[in-house]
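Me: I should like to learn how to read the features of a protein model in an orderly way. Could you take me through one?

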Amino acid sequence: MIRLRRSATVAALTLAAVATTVLGLAGSASAHVTINPAEGKQGGYSRFAFRVPNESDTASTVKVEVNLPENAPVGSVSTMPVPGWTVAVEKRKVDPPIEVHGSQLTEAVSKLTFTAAPNGGVKPGEFQEFPVSMGPLPQVDTMVFKVLQTYSDGNVSRWIEEPTPGAEEPENPAPVLKLAAAENAPASPGASAPAAEAADDDDDAESGAAVALGVAGLVAGLGGLVLGGLAFARTRREPAAKS
């Protein structure tokens, strides 16, 4: 019995050590700048947030520079105010122009620079999110955002390495947004109305059939109970047969 207890204890300690190692590796691997959510749809508008964790034990993150990909310009980019931070927006010329709601845009946002107020920033052990709205998202499979993270002690983390298909995650990975192909949209807003009405009719029919079947089953069940009760009462009233 003592040997079994010792074996169980050793096994538990081993599992704990392995779990600690795995969690530690997972934590270190995920402690970089990311974009959340990491997926969107081509042609759509979405709200994203650049999540910036602080990896320093002594310094604060005081500046975050987000570079938008040159090969995938976005027509509309807007930021949400973050308390204690200011943002500077840089633009660049694009050719061919970007079409947004019938307008031809010759400029697109190229860089967002978030700067913390004096004595502020992301402190050790903390993280900060910088919300951004973007659209229409370009017709590409992925968007790679190269980010520079500057600390109060002057150190700079360069999250600029692009992923390679089939290879391990790079040491300093850049945030990557995956874009799925948009579903075919109807030719006009009214074109989808008959289909929607037909779908609603099918749903109503299915719902009605389900309700009818349920009612029929309930009636059948009640009928069986009534007949069983009558049969039971009749057997109690009839005298026993004489031998």
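Reply: The discussion below goes from the overall chain to its sheets, its core, its largest pocket and two individual residues. Please keep in mind that this is a predicted model.

Me: Let us begin with the chain as a whole. How many helices and strands does the chain have, and in what order do the elements run?

Reply: The chain has two helices and 12 strands. Read from the N terminus, the order is α-β-β-β-β-β-β-β-β-β-β-β-β-α. Of the 243 residues in the chain, 26% are buried. Among contacts between residues at least 6 apart in sequence, 70% join residues at least 24 apart.

Me: How should I read the sheets, and what is the order of the strands in the open sheet of five strands?

Reply: As a general idea, strands of a sheet pair through backbone hydrogen bonds, in either a parallel or an antiparallel manner. Here, the order of the five strands is β6-β7-β4-β10-β11, and the pairing is antiparallel. At the edges stand β6 (85-100) and β11, each with a single partner strand, so one side of each is left without a neighbour in the sheet. Ignoring direction, neighbouring strands in this sheet are turned by 15° against each other on average.

Me: Within that sheet, is β10 largely enclosed or not, and why?

Reply: Strand β10 covers residues 146-151, and five of its six residues are buried, so it is largely enclosed by the rest of the structure. Its pairing can be followed on both sides. With β4 it pairs in the antiparallel sense over six bridges, and the bridge partner of Val66 in β10 is Val147. With β11 (residues 156-159), β10 is joined by four bridges, again running antiparallel; there, Leu148 has Arg158 as its bridge partner in β11.

Me: How many residues lie between β10 and β11 in their hairpin?

Reply: Four residues lie between the two strands of this hairpin, and Gly154 in the turn has a positive phi of about 95°.

Me: What is the strand order of the sheet that four strands form, and which strands stand at its edges?

Reply: The four strands form an open sheet in the order β1-β3-β8-β5, with antiparallel pairing. The edges are β1 (34-36) and β5 (76-79); each has a single partner strand, so one side of each is left without a neighbour in the sheet. The twist from one strand to the next averages 30°. Between β3 and β8 the antiparallel pairing extends over eight bridges, and Phe48 has Val132 as its bridge partner in β8.

Me: Let us turn to the interior. Which residues have the most contacts inside the largest nonpolar core?

Reply: The general idea is that nonpolar side chains in soluble globular proteins tend to be buried together. In this model the largest nonpolar core has 28 residues, and Val66, Met134 and Phe145 have the most contacts inside it. At least two residues of this core come from each of β3 (46-53), β4 (61-67), β7 (103-116), β8 (127-135) and β12 (176-180). The largest share, four residues, is supplied by β7.

Me: Which residues does Phe145 touch, beyond those up to four places away in sequence?

Reply: Phe145 touches Ile35, Phe50, Val66, Asn67, Leu68, Pro69, Met134, Trp159, Ala174, Pro175 and Leu177. This list includes Val66 and Met134, which are themselves named with Phe145 for the most contacts inside the core.

Me: How is empty space read, and how much of it lies in the largest pocket?

Reply: In general, rolling a probe the size of a water molecule over the atoms shows where empty space is left. The largest pocket here holds about 250 Å³ of space. It is lined by 16 residues, of which His32, Glu169, Ala174, Pro175 and Val176 are the closest to its centre. Two or more lining residues come from each of β1 and β12.

Me: Finally, how should I read single residues: is Ala116 buried or exposed?

Reply: Ala116, placed in strand β7, is buried, with a relative accessible area of 14%, the cut-off for buried being under 20%. Leaving aside neighbours within four places in sequence, Ala116 is in contact with Val62, Gly84, Trp85 and Gly121. Its C-alpha atom is separated by 4.4 Å from that of Trp85, 31 residues apart along the chain.

Me: And where is Ala182 found?

Reply: Ala182 is found in the loop between β12 and α2 (192-237). Ala182 counts as partly exposed, at 42% relative accessibility. The C-alpha atoms of Ala182 and Gln42 are separated by 5.4 Å, although the two residues are 140 residues apart along the chain.

Terms used
Residues are numbered from 1 along each chain as its sequence is written. This is a predicted model: local features need pLDDT of at least 70, side-chain atom pairs count only at pLDDT 80 or more; totals for chains, interfaces and linings use all residues. Side-chain values use heavy atoms; hydrogens and water are left out. A nonpolar core is a set of buried Ala, Val, Leu, Ile, Met, Phe, Trp, Tyr and Cys residues joined through side-chain atoms within 4.5 Å. Buried means under 20% relative accessible area, exposed over 50%, partly exposed in between (1.4 Å probe, protein chains only). Contact means heavy atoms within 4.5 Å. Two strands pair if DSSP finds at least two bridges between them. Axes are lines fitted to C-alpha atoms, for helices over the stretch in contact, and angles run from 0 to 180 degrees between N-to-C directions. On a 1 Å grid over the protein atoms alone, a cavity is a set of points where a 1.4 Å probe fits but cannot get out, and a pocket is an open set with protein on both sides within 12 Å along at least five of seven lines; lining residues have an atom within 4 Å of a point. Grid points are joined across faces, edges and corners, and a volume is the space filled by probe spheres set on the points.
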